[in-house]
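Work through the exercises below with the structure open. Try each task before reading its solution.

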Amino acid sequence: QVQLVESGGGLVQSGGSLRLSCAASVTISRIYVMGWYRQDPGKQREMVALTISDGSTNYAASVKGRFIIYRDNAKETVYLQMNSLKPEDTAVYYCYCYADGGYWGQGTQVTVSS
């Protein structure tokens, strides 16, 4: 069983930045995939960014060049640095990992005003 706790969401103006954190209850260096998804009411949940244990990353086309995902293994935490935020980035952001199955955090709200 893996527990994931997100933090760092909030309200920012367009063009601003936020850093989301996801703290895991296990050693994240042993987790194959960690990442972030987001969902706004009325829309499908979509992948935002993933980091793989080999160091590779994947980003949604809509955030590539603006968002960065990285791990701090010593703190058992994965981060999503979000820059140049746009109103269309508004959503609930969910931390995700694949260990002995898929696990989700509780979600943290990100709201970007015009």
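The exercises cover salt bridges, nonpolar cores and one threonine, all in a predicted model.

**Exercise 1. Find how many salt bridges there are, and which residues they link.**

Step 1. Apply the cut-off: a side-chain nitrogen of Lys or Arg within 4 Å of a carboxyl oxygen of Asp or Glu. The count is three.

Step 2. List the pairs.
- Glutamate 46 meets arginine 38 at 2.8 Å, N to O.
- Aspartate 89 pairs with arginine 38, with the closest N and O atoms 3.0 Å apart.
- Aspartate 89 also bridges to arginine 66, where the closest N and O atoms are 2.8 Å apart.

Step 3. Join the pairs. Arg38, Glu46, Arg66 and Asp89 form a network of salt bridges.

**Exercise 2. Place the two bridges of aspartate 89 along the chain.**

Step 1. Take the bridge from aspartate 89 to arginine 38. Aspartate 89 sits in the loop between β8 (77-82) and β9 (91-98), while arginine 38 belongs to strand β4 (residues 33-39). The two are 51 residues apart, so this pair links distant parts of the chain.

Step 2. Take the bridge to arginine 66. Arginine 66 lies in the loop between β6 (57-59) and β7 (67-72), so its pairing with aspartate 89 ties together parts that are 23 residues apart in sequence.

**Exercise 3. Sort the network residues: buried or partly exposed?**

Step 1. Use the threshold: buried means under 20% relative accessible area, exposed over 50%, partly exposed in between.

Step 2. Compare the values.
- Aspartate 89 has 1%, so it is buried.
- Arginine 38 has 6%, so it is buried.
- Arginine 66 has 11%, so it is buried.
- Glutamate 46 has 35%, so it is partly exposed.

**Exercise 4. Identify which residues of the largest nonpolar core touch the most other members.**

Step 1. The core holds 28 residues. Leu4, Met34, Trp36, Leu80, Met82 and Tyr93 touch the most other members.

Step 2. Trace the strands. β3 (18-24), β4, β5 (46-52), β7, β8, β9 and β11 (108-113) each supply at least two residues of this core.

Step 3. Look for another core. One of five residues lies apart, including Val33, Tyr37, Leu50 and Tyr96.

**Exercise 5. Describe the surroundings of threonine 108.**

Step 1. Locate the residue: threonine 108 is in strand β11. Its relative accessibility is 11%, so it counts as buried.

Step 2. Check the side chain, which reaches the backbone nitrogen of glycine 9 at 3.3 Å.

Step 3. List the contacts, leaving out residues up to four places away in sequence. Threonine 108 touches Glu6, Ser7, Gly8, Gly9, Leu20, Ala91, Val92 and Tyr93.

Notes:
Residues numbered from 1 in each chain as written. Predicted model: local features only at pLDDT ≥ 70, side-chain atom pairs only at ≥ 80, totals over all residues. Heavy atoms only, no water. Buried < 20%, exposed > 50% of the residue type's maximum accessible area, 1.4 Å probe, protein only. Helix = DSSP H or I, 4+ residues; strand = E, 2+ residues; numbered from the N terminus. Core = buried A, V, L, I, M, F, W, Y, C linked by side-chain atoms within 4.5 Å. Polar contact = N/O pair within 3.5 Å; in protein donor to acceptor, adjacent residues only side chain to side chain. Contact = heavy atoms within 4.5 Å.
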